[in-house]
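Here is a short briefing on the internal cavities of this protein, written for reading alongside the model. Have the structure open and follow along as we go.

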Amino acid sequence: MEDTTSSNPQSPGFTEKLKSWLSWSWTYVCFIWFGMVLIMIYVLWSPLKLQETLTSASVFLNTLTPKFYVALTGTSSLISGLILIFEWWYFRKYGTSFIEQVSVSHLRPLLGGVESSSTTGLFSSVNGEAEPRPSVSECKVWRNPLNLFRGAEYNRYTWVTGKEPLTYYDMNLSAQDHQTFFTGDTQQLRPEDAVMQKAWRERNPQARIRAAYQAIEMNNECAAAYVLLAEEEATTITEAERLFKKALGIAGKDINLLVYIKRRLAMCARKLGRIKEAVKMMRDLMKEFPLLGMLNIHENLLEALLELQAYADVQAVLAKYDDISLPKSATICYTSALLKARAVSDKFSPEAASRRGLSTAEMNAVEAIHRAVEFNPHVPKYLLEMKSLILPPEHILKRGDSEAVAYAFFHLQHWKRAEGALNLLHCTWEGTFRIIPYPLEKGHLFYPYPGCTETADRELLPSFHEVSVYPKKELPFFILFTAGLCSFTAMLAMLTHQFPELMGVFAKAFFSTLFAPLGFFADKMESFMPSSFWHQLTRI
């Protein structure tokens, strides 16, 4: 036991010394190694009869038929094509090259480089100082304040299209939210509460509904069970509203239940066209529970006020929540940009603006658009309908594609209602990227753009949706290399099949030109060194 424990500390040191020696030798002695290899080949040229071997190899190659070369180049093209397909699939799914990832993870540490590229490359500052890449855990996921109803909206989409709009990761986060929100006190759980706590964790929707009915049988005044039925079993908004009202009547003094139910009732009123009633319910809820700003009820209020076209009230809400000390969101930034764009967009013309310059109001609108685009650069493509919309997820990642989908799904109609607003956005939004040429390293008005949004958004958004990536990643070198190799070998196979004699002459000329420097080097060595020296050296 003592021998093993004493030898363990030494083994890492020996390994590190071996790696450092290999990296040093690879960096500084590679040219010497190359020269020694050439010298050894020259020294052993006669003893190993390399000249006769090359001659016989050339005779063998000359006897090969063109069909062999067609098969050789065709096989090379097929293999490189398969590698290209795999590399392209891996890049589309994971956003990186498989060959580059393996090289960086396994070969680069052996050669003395860093062990991972996650802290360098795109995350190195202009001065060369590396900034740590934010991990996925640092990308906080927020509850979507405007999330839809599963039974009345998400399930209807599944019935029509056969596609699942929600990912398991998203639904699992919702289950955790409900379990914590409605059954947080585990010390005083009633029997029906224990059933509901298990119901939120069920993966099967029918199992959750059966558990809710079981809880109601145990206690007819189990408000959380009616909430689950309103969310998942009700197939219409009207039916969901009826169940929420029943839950509200028996919720008692449970603040979490009251806030959740009243908010969903306000959303039901908004969806059923009773917008003024919805606005009043949201305002009352914000007055009754002013400390629950983390629930972002003001974003529901902003959307309802925009539907009423009560722009003065929208500005009043923005003045309260668009504060430097409060966390931003796409709703806050883009609604502020919409109000400023609406004031000038009906008379805006890019040709006239290029001639006379921008007025003060137009400059303010453009700056607001740049501010919004810097916060979330994915939104404009959805507002301008350059990308197709999907149903928003139940959770969003701020500044990510999931937040962009959720915002555009509800606010696209408001931008269309403001005459010329989308035209102004189309003319100005791409100018933001000139202000922040290195968004992962340094922002203009906000922190640098987080590099973990793509990974988190792929978990939140369904697989049939093409996740928007910012900044746009260029194709890895190995995809371009394998594409060129596949095309080149396929072209060689076709030319060899069509013109075998001409390609044979070309191949001989190519290889003779390629090996001409080696012959020149050998002749120079023969003339520089006396022949007796080489004879004595070969005898040794």
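Let's begin with the second largest cavity, which has a volume of about 60 Å³. Please keep in mind that this is a predicted model. In total, the structure holds 3 cavities of 30 Å³ or more, and the largest of them comes to about 110 Å³ in volume.

**The second largest cavity**

- Its lining includes the arginines Arg143 and Arg150, along with Glu231, Glu232 and Glu394.
- Asn147, Ser174 and His178 also line the second largest cavity.
- Leu148, Trp200 and Tyr260 are lining residues of this cavity too.
- Two helices, α8 (168-182) and α11 (223-232), are the elements that each give two or more residues to this lining.
- Sorted by class, the lining of the second largest cavity has 5 charged, 3 polar and 3 nonpolar residues.

**The largest cavity**

- The volume of the largest cavity is about 110 Å³, and 13 residues line it.
- If you would like to find its centre in your viewer, look for Glu299, Thr331, Ile396, Glu403 and Ala406, the lining residues closest to that point.
- The elements giving two or more residues to the lining of the largest cavity are α17 (330-342) and α21 (401-417).
- Helix α21 supplies the largest share of this lining, with 4 residues.
- By class, the residues lining the largest cavity divide into 7 nonpolar, 3 polar and 3 charged.

Terms used
Residues numbered from 1 in each chain as written. Predicted model: local features only at pLDDT ≥ 70, side-chain atom pairs only at ≥ 80, totals over all residues. Heavy atoms only, no water. 1 Å grid on protein atoms, 1.4 Å probe; cavity = no way out; pocket = protein on both sides within 12 Å on 5 of 7 lines; lining within 4 Å. Points joined across faces, edges and corners; volume = space filled by probe spheres on them. Nonpolar A, V, L, I, M, F, W, Y, C, P; charged D, E, K, R; others polar.
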